[in-house]
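Biologist: I am new to this one. Could you take me through its pockets, its core and its helices?

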Amino acid sequence: MKQQIAIIGAGISGLYAAIQLHQKGYDVTIFEARDRIGGRILTKDGYDLGPTWYWPDTEKTISELVDTLGLESFVQHTTGHMVLERQTTTAPERHVLPEESIVLSKRLVGGMTSLVEALHAKLPADIIHLGHRLTSIDRQADRVQLTFQNGAVHHADDVILALPPRLVANLTIHPELSASTQNALKTTPTWMASQAKALIVYETPFWREEGLSGFGMSWVGPLQEIHDASLIDGPGALFGFFRLSPGEREALGEGQVKTRVIEQLEKLYGPKANDFLRFHYMDWSTESETATFDDFLPLTAFPAYGSIELGDRLHLIGSETDAQFGGHIEGALRSANRIVKGLV
């Protein structure tokens, strides 16, 4: 009888682990709480509302996977001046960044979802079960029993939790994890969980005509970091990460948040910024499958990520468990590799 592996979470690390285990002959089942696959990778109309880039010079796992899957990539646009907003009462500044300060990054044609879809296509159609939110884990003598919110029960030989550590800390697990493991889970921040992303689509990337790269920084506006999000062919787009905290965004409401973002973009890029086609807004802090209450405080420094061992037949993967590339898709893929190698 084939060894049965249950994977909790159909994000990039869960899918990647599932492919490798399935190819090696394991009986793999994936359970996903959402009604979609991809986890924090989310693309609308070709534009990424979650992870956007990868860095081919240093991130070898994703680079090789993109090549193996035959996906098309393109270099992130960085040519031109950046804009800097220091104060609300002064005009934005323009600066040319030193060439050595710009690290080559790439995006995927079709967005990062194209990577998710390509991995999904390599799995059997019936391997993924959506709408299954895990509530408890019972490690029995020779098996693991999983119980889901919808009442479903599943048994497996090993379980891979492809979840943010803080979500794992909220599960009922028997026997209980050690106090040190529980603390490690609870104190590991979920990358970008407190963030929201605004993406504004325009007929053309008009800022390029004015010698701007699209990159902007602000010390006072609702968006603190802005980038060119234009597709390789088609309309222009800008996206930004928020300086506003989750609480501030909630107090303002989505409508007022959008109004303030457009006002800021008009100041930075001129009146054409008000003539947009679409406005996409994704607040990850409101996603119960991403963020917990502990994630609402914005990060003040890059977290010290690394592996967290759960013990007997439980394995944790995900971007937050990779010491070298934590927070990146590269880290999520590397974490899957690490656990798969330990199982096979």
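Biologist: What volume does the second largest pocket have?

Modeller: Bear in mind that this is a predicted model. The pocket has 21 lining residues. The volume of the second largest pocket is about 450 Å³.

Biologist: Which residues lie nearest the centre of the second largest pocket?

Modeller: By class, the lining holds 8 nonpolar, 10 polar and 3 charged residues. Two strands, β16 (212-218) and β17 (223-228), each supply at least two residues of the lining. Nearest the centre lie Thr78, Leu97, Ile102, Val103 and Phe215.

Biologist: Now the enclosed space. How much space lies in the largest cavity?

Modeller: Rolling a probe the size of a water molecule over the atoms shows where empty space is left. The structure holds 1 cavity of 30 Å³ or more. The space in the largest cavity is about 60 Å³.

Biologist: Which strands each supply at least two residues of the lining of the largest cavity?

Modeller: The lining includes Tyr47, Asp48, Arg107, Leu108 and Phe239. By class, it has 6 nonpolar, 3 polar and 2 charged residues. The strands that each give at least two residues are β4 (47-48) and β8 (106-108).

Biologist: Phe239 is in that lining. Is Phe239 buried or exposed?

Modeller: Phe239 lies in strand β18 (residues 236-242). Leaving aside neighbours within four places in sequence, its contacts include Thr52, Trp53, Leu199 and Ala229. Its relative accessibility is 2%, and the cut-off for burial is under 20%, so Phe239 counts as buried.

Biologist: How far apart are the C-alpha atoms of Phe239 and Leu49?

Modeller: Along the chain, these two are 190 residues apart. In space, their C-alpha atoms are separated by 8.7 Å.

Biologist: On to the core. Which residues have the most contacts inside the largest nonpolar core?

Modeller: This core has 40 residues. Elements giving two or more residues to it are β1, α1, β2 (27-31), α2, α3 and α9. The residues with the most contacts inside the core are Ile7, Ile12, Leu15, Leu21 and Leu115.

Biologist: What is Ile12 in contact with, beyond its neighbours within four places in sequence?

Modeller: One group is Gly38, Ile41, Leu115, Val116 and Leu119. Leu115, Val116 and Leu119 are buried residues of α3. Ile12 also contacts Ile329, Ala332 and Leu333.

Biologist: How many residues of α3 are buried?

Modeller: The buried residues of α3 pack against α1, β3 (43-44), β4, α2, β8 and α9. The helix is mostly covered. The buried count is 6 of its 8 residues.

Biologist: And how many residues of α9 are buried?

Modeller: What covers its buried residues includes β1 (4-8), α1 (12-23), α2 (60-69) and α3 (113-120). Among those buried are Ile329, Ala332, Leu333, Ala336 and Val340. The total is 11 of 15.

Biologist: How far apart are the end C-alpha atoms of helix α9?

Modeller: Helix α9 covers residues 329-343, which is 15 residues. At 1.5 Å a residue, they should span 21 Å. The expected span agrees with the distance between the end C-alpha atoms, 22 Å.

Biologist: One last residue. Is Ser63 buried or exposed?

Modeller: Ser63 lies in helix α2. Not counting residues up to four places away in sequence, Ser63 touches Tyr54 and Pro56. At 13% relative accessibility, under the 20% cut-off, Ser63 counts as buried.

Key
Residues numbered from 1 in each chain as written. Predicted model: local features only at pLDDT ≥ 70, side-chain atom pairs only at ≥ 80, totals over all residues. Heavy atoms only, no water. 1 Å grid on protein atoms, 1.4 Å probe; cavity = no way out; pocket = protein on both sides within 12 Å on 5 of 7 lines; lining within 4 Å. Points joined across faces, edges and corners; volume = space filled by probe spheres on them. Helix = DSSP H or I, 4+ residues; strand = E, 2+ residues; numbered from the N terminus. Nonpolar A, V, L, I, M, F, W, Y, C, P; charged D, E, K, R; others polar. Expected span 1.5 Å × (residues − 1). Buried < 20%, exposed > 50% of the residue type's maximum accessible area, 1.4 Å probe, protein only. Contact = heavy atoms within 4.5 Å. Core = buried A, V, L, I, M, F, W, Y, C linked by side-chain atoms within 4.5 Å.
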